[in-house]
Amino acid sequence: MTKEIWDASAMKRALTRITYEIIERNKGTEDLVLIGIKTRGVYLAQRIHDRIEKLEGVDVPLGQLDITLYRDDRHDASLKLDPVVNSKELGVEISNKHVILVDDVIFTGRTIRAAMDALMDKGRPSSIAVAALVDRGHRELPIRADFVGKNVPTSSHEEIAVHVEEIDNKDNVELKPLPQ
């Protein structure tokens, strides 16, 4: 049975809180760059960008990252299609910048590891931090989110579904059982 964890207004409040935490921890916005991990992380990064612009009056550089080729499961024999990379470009300069990687859910840590590998191929940031709307635990790698909207403990038989208006026609976060 699907259970709604957050509605649209709760999601908005969480992103606003994450935005304030990013500004506070970085002591402003100087040399700050936001990178959204495709797909939903891109939309969440855009929302954080817009809040920073509204709060600080600064247009922080915003990029997006496709990590398909960096995933450690892309050579899995059960995958029927070769990975497709839509773009290798970030759209922003990251060398000597404080990069905030934005994703919807942090789970095993493998997506963030792949994103860091991809970033290192593009430049050498001063620092990399991770912002995730939901942390569901079950880490396989020693990676954590620096900015988290909500920690939602899950079982291995559940998944977190983050919906964004831009592609799902609604904003919410749901806890769903995995198909059996």
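The lining of the largest pocket is a mix of 6 nonpolar, 3 polar and 7 charged residues (Ala, Val, Leu, Ile, Met, Phe, Trp, Tyr, Cys and Pro count as nonpolar, Asp, Glu, Lys and Arg as charged, and the others, Gly among them, as polar). The model is a predicted one, where local features need pLDDT of at least 70 and side-chain atom pairs pLDDT 80 or more, while totals for chains, interfaces and linings use all residues. Numbering starts from 1 along each chain as its sequence is written, and side-chain values use heavy atoms, with hydrogens and water left out.

A pocket here is an open set of points on a 1 Å grid over the protein atoms alone, where a 1.4 Å probe fits, with protein on both sides within 12 Å along at least five of seven lines; lining residues have an atom within 4 Å of a point. At least two lining residues of the largest pocket come from each of strand E4 (98–106), helix H3 (110–122) and strand E7 (158–163); helices (H or I, at least four residues) and strands (E, at least two) are DSSP runs, numbered from the N terminus.

As for the sheet, 5 strands make up an open, parallel arrangement in the order E3-E2-E4-E5-E6, with pairing taken to need at least two DSSP bridges between two strands. Strand E3 (62–65) and strand E6 (147–151) sit at the edges with a single partner strand each, so one side of each has no neighbour in the sheet. E3 pairs with strand E2 (residues 32–37) over 4 bridges in the parallel sense, and Leu34 has Leu62 in E3 as its bridge partner.
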